[in-house]
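Please open the model in your viewer and keep the sequence panel visible. The tour below moves from one selection to the next and states what is to be found at each stop.

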Amino acid sequence: MKKKRYAKPALFLTAIFWGTTFSIGKLATEAFSPSFIIALRFSVAAIALVIASYTLRNQVNKEYLTDGIWMGITLFLSYLLQVAGLSLDTSPGKSAFLCTTYCVLVPFLHWFVTKDRPKWLHILCVFICLAGIGILSLQGGWGMSMGDILTVLSGAPCAFNIVVSSIACRDKNPLLLTTIELSVVMVLAWICVVFTNTFPTEFPLNTVGGVVYLGLIATALCLYLQSYGLKYAEPSIGGMILSLESVFGVIFSIIIYHEKITLRMLIGFITVFIAVILSQYDDDKSIETKE
């Protein structure tokens, strides 16, 4: 199937672009509040996809709206927690790896939704991932910084978003569904900006440009590519490919944010990444058969 052939490349390209978002997002938090960054980012993305999907508007029905709203709510919560963590004391590279906890959570949320019990390996991955988080985040005793805690928590709604997306996109147009999803995030973000009164007083050109990039490329384009990829790829393989954003996140953090990687951070990165990769392994099917 020709469309299925492009599913994995679409997800891989998504992982690359998402890898840039941690450093650009960190720089944006120096000028804007988390809620305003999300509002501006998703306004740009939603408007772009509304234009792109305008001819499909007649396909919108109650099922599209229900799935799109759930996807939008979970995505908004995930981004709000992640950006809030970046605005505090979490570095872009660390954030990239802490966010990938969603990959470990996906099998358990999939179990909750479909009643398909996770394998023993997935349970083991949770403990490996927790060990990696501890190596990365625990500071002087057993304390974690608030930024790290918020970043780890962002993995839960992100995992739920992937499960809902992988199920909803099977029999729907991914472009139209993603448009509804981003529109919901945009509305929720602007509500948050209004109620928290976090409108910025200055608009640095480079920061605005960075947020526009996040909206057009890392959000509109990438979330469409994600929906397209999850429509034709196995959820476990899709999650594994998307988890590579953590690797690219560190690479771009070193290039853009000039982050210094310590030995402890490197060990933590490797531990979390091992848990993420193992969490995508299927005992019943080899990767080669999932074409």
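Is Lys172 buried or exposed? Select Lys172 to begin: with a relative accessible area of 6%, against a cut-off of 20%, this residue is buried. Please note that the model is predicted.

**First stop: the surroundings of Lys172**

Keep Lys172 displayed and add Glu63. The two residues form a salt bridge in which the closest N and O atoms are 3.1 Å apart. The partners come from distant parts of the chain: Glu63 belongs to helix H4, which spans residues 62–87, while Lys172 sits in the loop between helix H9 (155–168) and helix H10 (174–196), and 109 residues separate them. Unlike the buried Lys172, Glu63 is partly exposed, with 46% relative accessibility.

Next, select Asp67. Its side chain meets that of Lys172 in a salt bridge, with an N to O distance of 2.8 Å. Because Asp67 is part of helix H4 and Lys172 is part of the loop between H9 and H10, this pair ties together parts that lie 105 residues apart in sequence. Asp67 has a relative accessible area of 18% and is therefore buried, the limit being 20%.

**Second stop: Asp148 and Lys94**

Move to Asp148 and display Lys94 with it. A salt bridge joins them, the closest N and O atoms being 3.4 Å apart. This pair also links distant parts of the chain, with Asp148 in helix H8 (residues 146–153) and Lys94 in helix H5 (residues 92–98), 54 residues apart. Both Asp148 and Lys94 are buried. To see how the salt bridges connect, select Glu63, Asp67, Asp171 and Lys172 together: shared partners join these four into one network. Over the whole structure, the search finds 4 salt bridges.

**Third stop: Tyr79 and the aromatic side chains**

Return to helix H4 and select Tyr79, which is located there. Which residues does Tyr79 contact, leaving aside its neighbours within four places in sequence? They are Trp18, Ile38, Arg41 and Phe42. Tyr79 is buried, and its relative accessible area is 9%. For a distance check, use the C-alpha atoms of Tyr79 and Ile37: they are separated by 9.9 Å, although the residues are 42 apart along the chain.

Then display the aromatic rings of the model. The structure holds 9 aromatic pairs. One aromatic cluster is formed by Phe32, Phe36, Trp190, Phe199 and Phe203. A further selection of interest is Tyr54 with Arg57: Arg57 lies over the face of the Tyr54 ring, at 4.0 Å from the ring centre.

**Fourth stop: a nonpolar surface patch**

Switch to a surface representation and select residues 245–256 and 263–279. These are helix H13 and helix H14, the elements that give two or more residues to a nonpolar patch. The members of this surface patch include Leu27, Ile251, Ile261, Leu263 and Leu278, and the complete patch has about 980 Å² of accessible area. H14 supplies the largest share, with 6 residues. For a single member, pick Ile256, which is found in helix H13. Ile256 is partly exposed, at 32% relative accessibility.

**Fifth stop: two positive phi angles**

Most residues other than glycine have a negative phi. Which value does Asn197 have? Its phi is positive, at about 55 degrees, although Asn197 is not a glycine. Asn197 lies in the loop between H10 and helix H11 (205–232), and it is exposed, with a relative accessible area of 63%.

Now select His258. This residue, also not a glycine, has a positive phi of about 55 degrees. His258 is placed in the loop between H13 and H14 and counts as exposed, at 58% relative accessibility.

**Last stop: the whole chain**

Clear the selections and show the chain as a cartoon. How many helices and strands are there? The chain has 14 helices and 0 strands. Of its 291 residues, 53% are buried. Considering contacts between residues at least 6 apart in sequence, 90% join residues at least 24 apart. The accessible surface of the chain amounts to about 13400 Å², and 70% of this belongs to carbon and sulfur atoms.

Technical notes: Residues are numbered from 1 along each chain as its sequence is written. This is a predicted model: local features need pLDDT of at least 70, side-chain atom pairs count only at pLDDT 80 or more; totals for chains, interfaces and linings use all residues. Side-chain values use heavy atoms; hydrogens and water are left out. Helices (H or I, at least four residues) and strands (E, at least two) are DSSP runs, numbered from the N terminus. Buried means under 20% relative accessible area, exposed over 50%, partly exposed in between (1.4 Å probe, protein chains only). Contact means heavy atoms within 4.5 Å. Rings of Phe, Tyr and Trp (its six-membered ring) pair if their centres lie within 6.5 Å; planes under 30 degrees apart count as stacked, over 60 as edge-to-face and the rest as tilted. A charge sits over a ring if NZ of Lys or CZ of Arg is within 6 Å of the ring centre and within 35 degrees of the ring normal. Patches are made of residues with over 30% relative accessible area and no salt bridge: like charges are joined within 9 Å, nonpolar side chains (Val, Leu, Ile, Met, Phe, Trp, Tyr) within 5 Å. Accessible areas come from the Shrake-Rupley method with a 1.4 Å probe; for residues, only the protein chains shown count as cover.
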